[in-house]
Amino acid sequence: MKENLMDDRESIEKTVMGFYEKIIDDKNHRFKSWEHCYNYFNGDSIEIDLACLHLGFYLASWGMLRNSFLLKKDYKIHENAVREIVKSEYKVLRGIKFQDFTPDKIKLLSRLIKKLNDEIYGISISDTLITKILLGTLGCVPAYDKFFIIGIRQAKLKYSKLSESCFENHFQELLNWCGKNQNEIQNISKKINDTQKIKGEIEYPFMKIVDMYFWSIGMNTTGKLEIKTFDKTGDDFGYQCAKCDGDTFDFPDSPKSTDIVKCVNCGASNTYEVFHVNALKLACEKSGYSPELVEAILAEQKNAIDL
């Protein structure tokens, strides 16, 4: 028996190909927006305005305008970011493979991240937006969105905010995981890129494959655990798994929003954020709060939950 499903070749290949096949089945799938954007930024010549348009549409189709300052901006908001990213000093990061990430190149990536976060847009932007931009333009880092973070945590890899000093160490952990699974990922990469060549389309960089894998793991992990209340003695009540009626749940220590909560009885799982918000909603409804008050409480709690 294999000790860790995350390192199982069949599991990695099946997961990544499940993602890729969505694009094969639908030539206009929203996932194709990444291909169009990455292809343009890796062309022989780049027009800033057209590059901004590609980046803007790619981000929109991947949900990055939702609850974002970008929703109130046009595509030209990305002009400074594009001008920075296409500078020759960052060319070494384009489509970079994990084994080519020297300490100096990791520091170069960190400097670019800092510029995007502190200077380029005039405001501090989210880790998700920064890494979505870099994945769509240079293909040098996975997109650290909610599902990707859930995925790497399933592999026991650490995550820190991009602005934290420990980010470089935690990124190195991801590179170490890539090294451990190098042959498997390279085989999958060859399989995908052979197909891409036949279609005359852009090849997928190594970090895009890694992104596809962990994003899919995170997506497939969440959404299976739903809860309901049950009455105890007096006015007291508890929570049960809606699937099996089990009332014991496995919580991580000091849980963050993307950590996983599992039903001990049947193994159904969801993120701590979803579990916490749903439990609070049920408690408010049990207490007879008005729908308006319940919504106000939930909105406040969602903002308070730490990633």
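Two residues count as being in contact here when heavy atoms come within 4.5 Å of each other. With that in hand, a good place to start in this predicted model is Lys 32, which is found in helix 2. Setting aside its neighbours within four places in sequence, Lys 32 is in contact with Ile 23, Asp 26, Lys 27, Lys 199 and Glu 201. Its relative accessible area is 6%, and buried means under 20%, so Lys 32 is buried.

Helix 2, which spans residues 32-41, also packs against helix 6, residues 127-137. The two axes lie 7 Å apart, at an angle of about 65°. On the helix 2 side, the residues involved are Trp 34, Cys 37, Tyr 38 and Phe 41, and they meet Leu 135, Gly 136 and Thr 137 of helix 6. Sorted by class, this contact of helix 2 with helix 6 has 5 nonpolar residues, 2 polar ones and no charged ones.

Another helix pair is made up of helix 8 (residues 167-180) and helix 10 (residues 206-221), whose axes come within 12 Å and cross at roughly 95°. Because of that angle, helix 8 is roughly perpendicular to helix 10. Helix 8 brings Phe 171, Leu 174, Leu 175, Trp 177 and Cys 178 to the contact, while helix 10 brings Phe 206, Met 207, Val 210, Tyr 213 and Phe 214. The contact of helix 8 with helix 10 has 10 nonpolar residues, with no polar and no charged ones.

Next comes the nonpolar core. In soluble globular proteins, nonpolar side chains tend to be buried together. The largest nonpolar core in this model has 78 residues, and the members that touch the most others are Phe 101, Leu 134, Tyr 144, Phe 171 and Phe 214. Helix 10 gives the most to this core, chipping in 9 residues. As for Leu 134, not counting residues up to four places away in sequence, it touches Leu 109, Leu 112, Ile 113, Leu 116, Gly 139, Cys 140 and Val 141. There is also a second, separate core of 11 residues, with Leu 225, Cys 241, Cys 263 and Tyr 272 among them.

Cys 263 turns up again in the strands, where Phe 249 stands opposite Cys 263 in strand 4. The open sheet here has 3 strands in the order 3-4-5, with antiparallel pairing. Strand 3 (249-250) and strand 5 (269-271) are the edge strands, each pairing on one side only. Strand 4, residues 260-263, runs antiparallel to strand 3, and 2 bridges join them.

Technical notes. Residues are numbered from 1 along each chain as its sequence is written. This is a predicted model: local features need pLDDT of at least 70, side-chain atom pairs count only at pLDDT 80 or more; totals for chains, interfaces and linings use all residues. Side-chain values use heavy atoms; hydrogens and water are left out. Axes are lines fitted to C-alpha atoms, for helices over the stretch in contact, and angles run from 0 to 180 degrees between N-to-C directions. Helices (H or I, at least four residues) and strands (E, at least two) are DSSP runs, numbered from the N terminus. Ala, Val, Leu, Ile, Met, Phe, Trp, Tyr, Cys and Pro count as nonpolar, Asp, Glu, Lys and Arg as charged, and the others, Gly among them, as polar. Angles under 35 degrees count as roughly parallel, over 145 as roughly antiparallel, 65 to 115 as roughly perpendicular and the rest as oblique. Two strands pair if DSSP finds at least two bridges between them. A nonpolar core is a set of buried Ala, Val, Leu, Ile, Met, Phe, Trp, Tyr and Cys residues joined through side-chain atoms within 4.5 Å. Buried means under 20% relative accessible area, exposed over 50%, partly exposed in between (1.4 Å probe, protein chains only).
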